[in-house]
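Q: I am new to this structure and would like a close look at one helix and its surroundings. Please take me through that part slowly, and then place it beside the rest of the model.

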Amino acid sequence: MLALKTRFNYLFTSTKGLILVAIALCAIISAFFGSLSGPMADLGVKSVIVKTFGIDLVEAEREGRLIILYHTIAMAVIAIETYMITDLIAMKENQRVQINSTITFGYLAAIFGGLPFAYWGTSWIMHGIYIAGLTLIFFAGSSLAYALWPWREEYKVKNKEYAHTKTGFNLERIAFFSVSIVTLASALFGAVPGSFYGNGFFTFLAENVVREPIKSTLQKSIIGHLHIMLALIAIACTLIICRYMDFKGILHKIAMPLMIVGSIVLSMGTWLVVPFEGVAHAVIYGGSTIAMLGALLLVIFSWNKLIREGLAEKGLKKGNFFQGVAALVRDPLKFGVTWQMVFMNFTVSGVGIFVAVKLDEIFRNWPFMDEKLILTGHWHILATLTATILLLYYADLAGLKGKARQWFGWSVIIFSDLAFGAVTVYEMKRLFIEEAYQQPVVNVTNLLGDIGLVVVLLALAALMVWRLIDLFKKNGRWSQEVHEKLESYVEEK
Amino acid sequence: MKKLTLLLISFIFILTACKPVDINAPAPVYDTGIDPNTWAFIPSGEFFSGQFNFETKIDYDYEMMVTHVTNQQFAEYLNEALKDGYIKIEGNEVVGYYPGDEFHDGRHEEEIPAGDYIHIPLDDPILRLDYDGQTFSAQTMWANHPMTMVSWFGAMAYCEFYDWRLPSELEWEKAARGSEDTRPYPWGETIARNNANLITSRDPFEDMSSFGSRTTPVGFYNGKTYDGYVTLDSSSPYGIYDMAGNVWEWTSNVYEEQHYRYLRGGSKDVYENYLRIWVRNSSIPTYTSPAFGFRCVK
């Protein structure tokens, strides 16, 4: 009994345990529900799963099911980011416990209410549990914003190398605070119109309405909501990586104001989509450019640091190009978290800008189904690349060392990039191949995409199994992690 | 060394998947027994439209072609219409006059002024018609397949030549769903591989390692067995075939502030969920595709 209690305490009260549970649930949900579409469906796995588990797939409810599925996964990811933030950023212990426990109940209720509602008959009791879960997460977010309030004397920077105001208030903390506030507002930006106009019944996927010239308030707010929520999850992830890499110095001092202004302007831009759609796009471009510039400075700092440390390990102060690259990539986990941000520019930001610039000239001359592929691929890649960054960070927290660290890190980086590169070629294929001749391109890109995703999922499964086995050991890693704080991985605070 | 061999094998495997596509690879010829010259009667009355089942009324009777317009039918039309001067050949295109749409300067709207517009491209190898400089004829292998590579202008001109018209989106939806229930597919609640020509149908006309999915003859999914390929009878409640899958079907609506035209029914290239009755595709009206066809109403 005591053994169970101590493990329960680890999994549901310690930061690393909470992150582990949330990642495991994300993995299980992705693997299980992923079998209902794509190649798994084609291979007949879908029908076996549907029959075995008694899943009720009403055709007219498909969009609603997907929306709930996205939300449950997103809530788990938001919980993971929250656990990281509450441990990385100074706050009172009672605040940390209250936020973590509230968001844990929240995302578990969202998952265990939402998924049965969506896939096993529309039980409104389950829907109530799902909504209660989302509400708890919102409440946890409000508590987080309160805990992050930056204008307290005790949270002023002690080390002047970190970005701060003239009076010493911590700009990184202000960035976290700003992101939490605009995230709460952006959550309402989806929830309120969704309830008011559709009462939750008129579900649609945003990518299906992009060509409608006169969009309803509901359509505009839902499109804005999904874009800003994904962007803010990515910005929060970037700020977490700033802490992980112990970002400081002059670049930190430039980057933090950019992250603050960028996230606020970007959010305001998406809220403006409803009343002033034309202007809103310009504001969104401005905000995202500013925020991305902040992320670029993190990448520069981080790569410089990795190269410097790598060379120092070999007793070198300066090295040639190849020594520099070798030093940069020697640790895939630390290199990967920022490399994936760079890669995001090729598969998400770059594609997005190209499509926006050439929309009328090229993409709106294609059938809608071809344009839709880009839209769907675009946000799936953004979401999953963000997830891989968090996963690489967690792998470091979980204590992966030696060859396992190298194999895991490089598997995630190489195969996720292979998958998303292939998906990008697939979604843009009409640029270089006509419909009648496309099948080999479709086959190759789908194959590479599937191989990439399968390897990443296998790497994740291996990590989870390793941690599961560890839980059966009396003095496993978990027994030390139960009291560990994430700050221990930040070199200087 | 082992790793290198594995990499090389994977690379060769991927390269071999890139062999050139023979779009004119032979296809089997089947008589489906469904006459493309027949029409189905659709009585006036209420039906459920859209994903959310809005009660909708069409207060007139109309008839719809039981199948897509075939290559054979379109070739015959081209010969008649060319002779009448209804259409003409300009360069490598068959073109015809369209009186234009009212322009509202909507967001992303492009003006469609009066003028000649493409009906079909003559130089596209995927076109299943032959033209000897005098006469059009359907390629024998594809004669009873849906006419594809036809623009919205071409589809509309065909229907209007015979004093018919393209169906509106609502007319199409009622014809596909019937008036009794809220079924997602023309034949009922669920879909199997052999209900329709879709990307997973594994019908005798496709080769997913090469040219991919191709059209099936009109009315193919009628319960018959073709060389061991068993089909399910998948007509709509009014006895109309291929209302899901095979080719997307042009519809007639011209909406304010947009130049796009809408297509319904899904095609040979998409998954099940795109074959649901309420799903819409759209395109500029000049676009021609091996996955776009049409049928008429009167």
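A: What follows is a description of helix 14 of chain A, its partner helix, the contact between the chains, and then the cores and one buried residue elsewhere.

The model is predicted, and this should be kept in mind throughout. Helix 14 of chain A, residues 368-397, is 30 residues long and spans 44 Å from its first C-alpha to its last, which is close to the 44 Å expected at 1.5 Å a residue. Just after this helix, Gly399(A) adopts a positive phi of about 90°.

The partner to consider is helix 13 of chain A, residues 332-357, whose axis comes within 9 Å of that of helix 14 of chain A, the two crossing at roughly 170°. Because of that angle, helix 13 of chain A is roughly antiparallel to helix 14 of chain A. On the side of helix 13 of chain A, the residues that meet helix 14 of chain A include Leu333(A), Gly336(A), Phe343(A), Met344(A) and Val355(A), while those that helix 14 of chain A brings to the contact include Ile374(A), His378(A), Leu385(A), Tyr393(A) and Asp396(A). Sorted by class, the contact between helix 13 of chain A and helix 14 of chain A holds 15 nonpolar, six polar and one charged residues.

Helix 14 of chain A also has a place in the contact between the chains, to which chain A gives 21 residues and chain B gives 34 residues. Helix 14 and helix 16 (439-471) of chain A each supply at least two residues of the side of chain A that touches chain B, and the largest share of that side, four residues, comes from helix 16 of chain A. By class, the side of chain A that touches chain B is made up of eleven nonpolar, three polar and seven charged residues.

Turning to the interior, the largest nonpolar core has 126 residues, and Ala22(A), Ala76(A), Ile80(A), Tyr107(A) and Ile241(A) are those with the most contacts inside it. Helix 9 of chain A, residues 217-244, gives the most to this core, with 17 residues. Apart from this core lies another, of 67 residues, among them Leu198(B), Tyr241(B), Trp248(B) and Val297(B).

In chain B, Ser234(B) sits in the loop between strand 11 (229-230) and strand 12 (248-250), and Ser234(B) counts as buried because it has 25 C-beta neighbours inside 10 Å. Leaving aside neighbours within four places in sequence, the contacts of Ser234(B) include Pro186(B), Trp187(B) and Tyr221(B).

How values were computed. Residues are numbered from 1 along each chain as its sequence is written. Chains are lettered from A and ligands numbered from 1 in the order in which they are written. This is a predicted model: local features need pLDDT of at least 70, side-chain atom pairs count only at pLDDT 80 or more; totals for chains, interfaces and linings use all residues. Axes are lines fitted to C-alpha atoms, for helices over the stretch in contact, and angles run from 0 to 180 degrees between N-to-C directions. Angles under 35 degrees count as roughly parallel, over 145 as roughly antiparallel, 65 to 115 as roughly perpendicular and the rest as oblique. Two residues are in contact if their C-beta atoms, placed from the backbone, lie within 7 Å. Ala, Val, Leu, Ile, Met, Phe, Trp, Tyr, Cys and Pro count as nonpolar, Asp, Glu, Lys and Arg as charged, and the others, Gly among them, as polar. The expected span of a helix is 1.5 Å times one less than its number of residues. A nonpolar core is a set of buried Ala, Val, Leu, Ile, Met, Phe, Trp, Tyr and Cys residues joined through C-beta atoms within 7 Å. A residue is buried if 20 or more other C-beta atoms lie within 10 Å of its own, exposed if 12 or fewer, and partly exposed in between; C-beta atoms are placed from the backbone.
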